[in-house]
Amino acid sequence: MLALEELEHYLQENDSNFEIIAHPTPIRSTMDAEHYSDIKKAAPTLILQINLGLTALIASSQRGRLDFGYLKEALGYTKLKMADKKADVERTGYSPGAIPLIGHGLPGALNFSMTLSLFPFSTTMDLV
């Protein structure tokens with residue numbers, strides 16, 4: 001997991017345009033975020049089990065249900081399904097629903113419709 005300072009350093013090092021926003025309560029899901037932001041801009045990070053191991057998929061919440069059969073064929077995988085929750089935590093250090101856009105240590109794919117939104121938001125971490 002990235003600490004806040006590490007996240008900020010990583011983003012600055014990669015010339016990212018970002019803003020870190022502190023909230024009075026942790027945002028661990030899209031539903032938690034609806035009090036603070038337009039959840040149509042939410043970007044949940046899903047961990048998928050593919051034939052090559054685990055990978056992350058950052059998908060717009062506007063997309064609705066994902067068609068895993070289509071994704072499997074379009075991306076050329078022989079296996080594609082949601083990863084086991086235990087595998088999520090073991091590999092990334094994050095629980096499903098709390099996986100950040102970056103810092104999880106997995107290769108990933110970005111849903112094309114995400115590029116239409118300049119500033120999607122996602123959980124980064126739970127700071128105490």
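Two strands count as paired here if DSSP finds at least two bridges between them. Helices (H or I, at least four residues) and strands (E, at least two) are DSSP runs, numbered from the N terminus. With that in hand, strand 1 and strand 3 run antiparallel and are joined by three bridges.

A word on the model before we walk through it. This is a predicted model, in which local features need pLDDT of at least 70 and side-chain atom pairs count only at pLDDT 80 or more, while totals for chains, interfaces and linings use all residues. Residues are numbered from 1 along each chain as its sequence is written, and side-chain values use heavy atoms, with hydrogens and water left out.

## The overall picture

The protein chain has four helices and four strands, arranged along the sequence as α-α-β-β-α-β-α-β. Of its 128 residues, 27% count as buried; buried means under 20% relative accessible area, exposed over 50%, and partly exposed in between (1.4 Å probe, protein chains only). About 8600 Å² of the protein chain is exposed, and carbon and sulfur atoms supply 54% of that area. Accessible areas come from the Shrake-Rupley method with a 1.4 Å probe, and for residues only the protein chains shown count as cover.

Contact means heavy atoms within 4.5 Å. Among contacts with a separation of 6 or more, 57% are between residues 24 or more positions apart.

## The strands

Strand 1 (residues 45-50) pairs with strand 2 (residues 53-58) in the antiparallel sense, over six bridges. A hairpin of two residues joins strand 1 to strand 2. Within this pairing, Gln-49 stands opposite Leu-54 of strand 2. Towards strand 3, Leu-48 has Met-82 opposite.

## The cores and His-104

Which residues make up the largest nonpolar core? Its eight members are Ile-47, Leu-54, Ala-56, Ala-83, Ala-87, Tyr-94, Ile-99 and Leu-106. A nonpolar core is a set of buried Ala, Val, Leu, Ile, Met, Phe, Trp, Tyr and Cys residues joined through side-chain atoms within 4.5 Å. Apart from the largest core lies another, of seven residues, including Leu-48, Ile-50, Leu-57 and Ala-59.

Leu-106 touches Ile-47, Leu-54, Thr-55, Ala-56, Arg-91 and Thr-92, not counting residues up to four places away in sequence. The backbone nitrogen of Leu-106 also lies 3.2 Å from a polar atom of the His-104 side chain. That is a polar contact, a pair of N or O atoms within 3.5 Å; within protein, one must be able to donate a hydrogen and the other to accept it, and residues adjacent in sequence count only if both atoms are side-chain atoms.

His-104 itself sits in the loop between helix 4 and strand 4 (108-110). Leaving aside neighbours within four places in sequence, His-104 is in contact with Thr-45, Ala-56, Arg-91, Thr-92, Tyr-94 and Ile-99.

Ala-83 is found in the loop between strand 3 and helix 4. Beyond its neighbours within four places in sequence, Ala-83 contacts Ile-47, Leu-48, Gln-49, Leu-54 and Asp-88. Ala-83 and Ile-50 are 33 residues apart in sequence, yet 8.4 Å apart in space, C-alpha to C-alpha.

## Loop residues side by side

Here are four loop residues with their relative accessibility.

| Residue | Relative accessible area | Class |
|---|---|---|
| His-104 | 7% | buried |
| Ala-83 | 10% | buried |
| Thr-78 | 62% | exposed |
| Asp-15 | 72% | exposed |

Thr-78 belongs to the loop between helix 3 (68-75) and strand 3 (80-82). Not counting residues up to four places away in sequence, Thr-78 touches Asn-51 and Lys-72. Asp-15 is in the loop between helix 1 (4-13) and helix 2 (30-33). Phi of Asp-15 is near 50°, a positive value in a residue other than glycine. Most residues other than glycine have a negative phi.

## Helix ends and a salt bridge

At the N-terminal end of helix 3, Asp-67 acts as a cap, with a side-chain oxygen 3.2 Å from the backbone nitrogen of Gly-69. Just after helix 3, Gly-76 takes a positive phi of about 80°.

How many salt bridges are there? The count comes to one, where a salt bridge is a side-chain nitrogen of Lys or Arg within 4 Å of a carboxyl oxygen of Asp or Glu. Glu-90 forms it with Lys-86, and their closest N and O atoms are 3.9 Å apart. Because Glu-90 and Lys-86 are four residues apart in helix 4 (residues 85-92), about one helical turn separates them. Both Glu-90 and Lys-86 are exposed.
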